[in-house]
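Dear colleague,

I am passing on the structure we spoke about, with the sequence alongside. Please open both before reading the notes below.

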Amino acid sequence: MTVIGWMVLGALLCGVAVWLRQSLTDFNAQKPEDYASSAPAMDMRQHLSGRIACHGVIYGPLGRVASRFDAEFRGTWTGDTGTLAEHFVYDSGNTQDREWRLSLGPNGTLRAEADDLVGAGRGQLSGASLMLRYRIRLPAEAGGHVLSVTDWMYLTPGGTIVNRSQFRKYGIKVAELVATMKKVDAA
C-alpha cells in the first residue's frame, strides 16, 4: 500500500472511531427506555402547566458561553393537547417568543409544532424524562440556518426540570443549551 493509501485508511479509521464514540457514549447515545424506571414520572400536563420560570445558558461550538437568558413560559392543557408560550430575554437585550403546540399520543409519544420548526417534532416521555427531536429554522438575523435539535428534559425529585439540548448542522454540534424550568407559585 502506498503512503497516500495508508493516510486515507488512517483518516477513515479515525472517522469511524469518532462516530463510534459519539454513537455509543455521547449525548445522542441516550434512549428514552434508559429512563423508564426513573421517578417521579414526568407528566407534561402537570409539570409544564401554568407559569414556569426558565433560566439558561447557550454554549457555542467551542464550548464557551455564547448567550445567557431568562424566560417565562405559560403552559395550558385541555386533555392531551396543550400550548407552551415562551418569552425569552437574552443577555444581549434581545427578546424572542415561541408558542409550542403539543399533542400527547399513546404510550408517551409527543408531537410538537411551532412556527419556526420545519415539520413537526417527535418525542417520547419515559419515566422522569422527555426526549424531543425536531428541526428549527433560525431567524434571518442569525443566518436562517435549519438545525437538527435533540432536547432531553429530566424531572428532578423537587419538581425542577433540567433541559439539555444539542443543535447540529450536517451532524456537527454547533451549539448546546442547558436550562432549568420551575413552576412559579400562584401565591
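Asn-107 sits in the loop between strand S4 (95-104) and strand S5 (109-113), and in this predicted model Asn-107 has a positive phi of about 55° although it is not a glycine. With a relative accessibility of 73%, above the 50% cut-off, Asn-107 counts as exposed. A second residue of this kind is Tyr-170, which is not a glycine either and has a positive phi near 55°; Tyr-170 belongs to the loop between strand S9 (161-169) and strand S10 (172-183), and at 76% relative accessibility Tyr-170 is exposed as well.

One further backbone feature comes earlier in the chain, where the peptide bond from Ala-39 to Pro-40 is cis, with omega near 0°. Pro-40 lies in the loop between helix H1 (3-25) and helix H2 (44-47).

As for the overall layout, the protein chain contains 2 helices and 10 strands, and from the N terminus on the two α elements precede the β elements. Of its 187 residues, 33% count as buried, and among contacts between residues at least 6 apart in sequence, 35% join residues at least 24 apart.

The strand pairing can be followed from strand S1 (residues 50-59), which runs antiparallel to strand S2 (residues 65-78) and is joined to S2 by 10 bridges; within this pairing, Val-57 has Arg-68 in S2 as its bridge partner. The hairpin of S1 and S2 has 5 residues between the strands, and Gly-63 there takes a positive phi near 85°. S2 also pairs with strand S3 (residues 81-90), again in the antiparallel sense and over 10 bridges, with Phe-73 opposite Glu-86 in S3. In the hairpin that S2 and S3 form, 2 residues lie between the strands, and Gly-79 in the turn has a positive phi of about 65°.

Phe-73 appears again in the largest nonpolar core, which has 35 residues; those that touch the most other members are Met-44, Phe-69, Phe-73, Trp-100, Leu-102 and Met-181. Leaving aside residues up to four places away in sequence, Leu-102 touches several residues, including Met-44, Trp-77, Leu-84 and Leu-110.

Finally, the largest pocket holds about 1000 Å³ of space. Its lining is made up of 46 residues, of which Ile-58, Tyr-90, Gln-96, Arg-98 and Phe-167 are the closest to its centre; by class, the lining has 31 nonpolar, 8 polar and 7 charged residues.

With best wishes

Terms used
Residues numbered from 1 in each chain as written. Predicted model: local features only at pLDDT ≥ 70, side-chain atom pairs only at ≥ 80, totals over all residues. Heavy atoms only, no water. Pairing = 2+ DSSP bridges. Helix = DSSP H or I, 4+ residues; strand = E, 2+ residues; numbered from the N terminus. Core = buried A, V, L, I, M, F, W, Y, C linked by side-chain atoms within 4.5 Å. Buried < 20%, exposed > 50% of the residue type's maximum accessible area, 1.4 Å probe, protein only. Contact = heavy atoms within 4.5 Å. 1 Å grid on protein atoms, 1.4 Å probe; cavity = no way out; pocket = protein on both sides within 12 Å on 5 of 7 lines; lining within 4 Å. Points joined across faces, edges and corners; volume = space filled by probe spheres on them. Nonpolar A, V, L, I, M, F, W, Y, C, P; charged D, E, K, R; others polar.
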